Amino acid sequence: MSVLAFAEQRNGVLRQTALETLTAGRGLADALGVELVAVLLGPPSLAAETEKLARYGADRVLAGYSDAFAVYAPEAYAAALSKAAQESGAKALLIAASAQGKDLAPRVAARLKAGLASDVVELGVEGGRVVAVRPAYAGKVFMRVGFTSEPALVSVRPRAFQAAEAPRQAAIDELALDDTAGAARCRVQLAGEGKKERPDVAEAEIIVAGGRGLGGPENWKLLEQLADALGPGAGLGASRAVVDAGWRPHGEQVGQTGKTVAPPLYFAVGISGAIQHLAGMQTAGCVVAVNKDAEAPIFKIADYGIVGDLFDVLPRLTEEIKKARGGN
Amino acid sequence: MNIIVCIKRVPDSESRIAKAKDGTSVDTQGVKFVLNPYDEYALEEALKLKEAAGGGTVTVMTLGGEESKETLRTALAMGADQGVLLKGKPSVDGLGTAEKLAAAIAGRDHDLVLFGKQAIDDDNLQVPSMVAELLGVPGATVVVELKVEGGKVTAWREIEGGHEVVEFELPGVIAAQKGLNEPRYPSLKGIMQAKKKPLEELDVGDAESRLEIIEVMNPPVRAAGVIVGEGADAVPELVRRLREEAKVI
């Protein structure tokens, strides 16, 4: 028996969410008293990454290498992962709730006829049964759910588990891939990458989010400068109002029709704080609000607030943060 | 082109949602229900594809109770041709619901199945991929741009820091993300016509749940913090607090 953790890769490199998934899996495997098996799917060059899987707690690695698996192929990945779960008698299978994982995990659940808990933020075992905590209604409520089927399928919310090293001597076994037909039927290419300088809002360590108070898309450079000053872990977010107005791409939207986020630090700039926005970010660690309206609802949940004109406050904030970080 | 759009009735995003007295469900008293916002993008795309193809039908389908008829009528008012109500209770996880939908879809003539990328109540993001897998067809989720030409689908799906371009032959499943299009509003004429459009009802029974809700919890209440000050002069104090008190920079 085992707990399986799927280790997502992109361009032959493990993603940060893969390490977080391993950490969540390590905890669950210990609670169940079973081994943790990392499952790796990708091109043969991925073999160089297996050392990292052992370092982050895998007792064993099941690796399926094929050039047909270099890029995410929904049906073929689902077939391979389901096979891995069946062959290793998985009590649980963990997949990151990333763009890929959110597409993949339900396909695996459909194949294994097993229940899937999405976007899980806490995992445990009660009376021998896996239980999970997950947000619903964009975080307006949380649900503690128990599995009535096996294996327990879990998609793990990015940043909910802090990746921690737990070195092992991991054996590496090959996972025979007998179905790459799906990969041929559905062709997937990566596009638009490389333009990317900042982490996605769902995975950012710090979010600098802007709202209508910015006055127009041309003023986003003020937020970009602040994000730059905060370091490479900072990403940009946006309120629904500015996404609907076409100022920012919907991929940046935080809230109920956007992304639910929980970074350690969240800047809400020129955002008043509608219910649907607050739901999506209220479990952030530290919230800083800058708004000219002292009555704005955002101040009711912010840890620190500055009432004032953001066009005065932001440049100064960027400058002071640069100073405080001392050229880090 | 024949398209099936799966939709859901959900609480409006502006609703206050809290745990109900029983402790294992949410209190929806006094809550306004609407067509799931992401489903509007799916339906709009279906209507555009049908218009471009110069024929075919758009069928809207949902699993739910009697009250879901209202949601189907909204979709018919936007321009769908016919509605199907699968009478039964959705599952806690997505699979039971997907099984009911897939069974109903498999028995109907269709080229494409469209969904919103997620329902904003459960936030499961499961059903579209599950239906694709159960039907044994390719699919793409979180789609922001879609082309369908000569039976070939090209879908741009949003991923972290970029896109994936997914290509496959019909039939298949697409789950729509915000930004795919600008959904139309139902016209008065559409609302009148919707009343006369066919709405089929089938008793399919409750979907099997493979998860059970042990407890619904309200999020920890965030206390209001401090207003550090007014204007740019307050910035040094804010930065000091972020560094020394909150230790986040």
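Two strands pair if DSSP finds at least two bridges between them. Keep that in mind as you click around: this is a predicted model, and strand pairing will be a recurring stop.

**Stop 1: strands S7 and S13 of chain B**

Select S7(B) together with strand S13, residues 199–203 of chain B; the two pair in the parallel sense, over five bridges. To see one of the matches, show Val84(B) and look across into S13(B), where its bridge partner is Glu200(B).

Now add strand S6 of chain B, residues 58–64. S6(B) pairs with S7(B), residues 82–87, again in the parallel sense, and here there are six bridges. Which residue of S7(B) is the bridge partner of Leu63(B)? Put Leu63(B) in sticks and you'll land on Leu86(B).

**Stop 2: the helix in between**

Stay where you are and bring up helix H2 of chain B, residues 68–78. S6(B), H2(B) and S7(B) together make a β-α-β unit, and its hand is right-handed. Is H2(B) mostly covered or mostly open? Mostly covered: nine of its 11 residues are buried. Colour them if you like; among them are Ser68(B), Thr71(B), Arg73(B) and Met78(B), along with Leu72(B) and Leu76(B). Just past the end of the helix sits Gly79(B), which has a positive phi, near 140 degrees.

**Stop 3: zoom out on chain B**

Show the whole of chain B as a cartoon. You should be looking at six helices and 15 strands, with a C-alpha trace that spans about 65 × 45 × 40 Å along its principal axes. Of the chain's 249 residues, 52% count as buried. If you draw contacts, keep those between residues at least 6 apart in sequence: 71% of them in chain B join residues at least 24 apart. Colour by confidence and chain B averages a pLDDT of 96, with 100% of the residues scoring at least 70.

**Stop 4: where the chains meet**

Bring chain A back in. For the complex, the predictor gives an ipTM of 0.95 and a pTM of 0.94. Select the contact residues on either side: 81 residues of chain A are in contact with 72 residues of chain B. What gives the most to chain A's side of this? Helix H4, residues 99–112 of chain A, with nine residues. Colour the chain A side by class and you get 40 nonpolar, 20 polar and 21 charged residues.

Strands take part in linking the chains too. Select strand S10 of chain A, residues 141–147, and strand S14 of chain B, residues 211–217: they run antiparallel and are joined by six bridges. For a closer look, pick Met143(A), whose bridge partner in S14(B) is Val216(B).

**Stop 5: helix H4 of chain A**

Isolate H4(A). It has 14 residues and reaches 21 Å from its first C-alpha to its last, close to the 20 Å expected at 1.5 Å a residue. Switch its surroundings back on and you'll find H4(A) mostly covered, with 13 of its 14 residues buried. Step off the end of the helix to Lys113(A), where phi is positive, near 55 degrees.

**Stop 6: a covered strand in chain A**

Next, select strand S16 of chain A, residues 265–269. All five of its five residues are buried. In a regular strand, side chains alternate between the two faces of the sheet. Turn S16(A) to see both sides: Leu265(A), Phe267(A) and Val269(A) are on one, Tyr266(A) and Ala268(A) are on the other, and both faces are covered.

Centre on Tyr266(A) and check what flanks the strand. Strand S14 of chain A, residues 206–210, runs parallel to S16(A) and is joined to it by five bridges; there, Ile207(A) stands opposite Tyr266(A). Strand S17 of chain A, residues 286–291, is also parallel to S16(A) and joined by five bridges, with Val287(A) standing opposite Tyr266(A). To get from S16(A) to S17(A), the chain crosses through helix H8, residues 275–281 of chain A, in a right-handed β-α-β crossover.

**Last stop: a loop residue**

Finish at Ala164(A), in the loop between strand S11 (152–156) and strand S12 (171–174) of chain A. Why does Ala164(A) count as partly exposed? Because it has 13 C-beta neighbours inside 10 Å, and a residue needs 20 or more to be buried, or 12 or fewer to be exposed. Now show Tyr56(A) as well: Ala164(A) and Tyr56(A) are 108 residues apart in sequence, yet 6.3 Å apart in space, C-alpha to C-alpha.

How values were computed. Residues are numbered from 1 along each chain as its sequence is written. Chains are lettered from A and ligands numbered from 1 in the order in which they are written. This is a predicted model: local features need pLDDT of at least 70, side-chain atom pairs count only at pLDDT 80 or more; totals for chains, interfaces and linings use all residues. Two residues are in contact if their C-beta atoms, placed from the backbone, lie within 7 Å. Helices (H or I, at least four residues) and strands (E, at least two) are DSSP runs, numbered from the N terminus. Ala, Val, Leu, Ile, Met, Phe, Trp, Tyr, Cys and Pro count as nonpolar, Asp, Glu, Lys and Arg as charged, and the others, Gly among them, as polar. A crossover is right-handed if, with the strands pointing away from the viewer, the path from the first strand over the helix to the second runs clockwise. pLDDT is the predictor's confidence in each residue, from 0 to 100. The expected span of a helix is 1.5 Å times one less than its number of residues.
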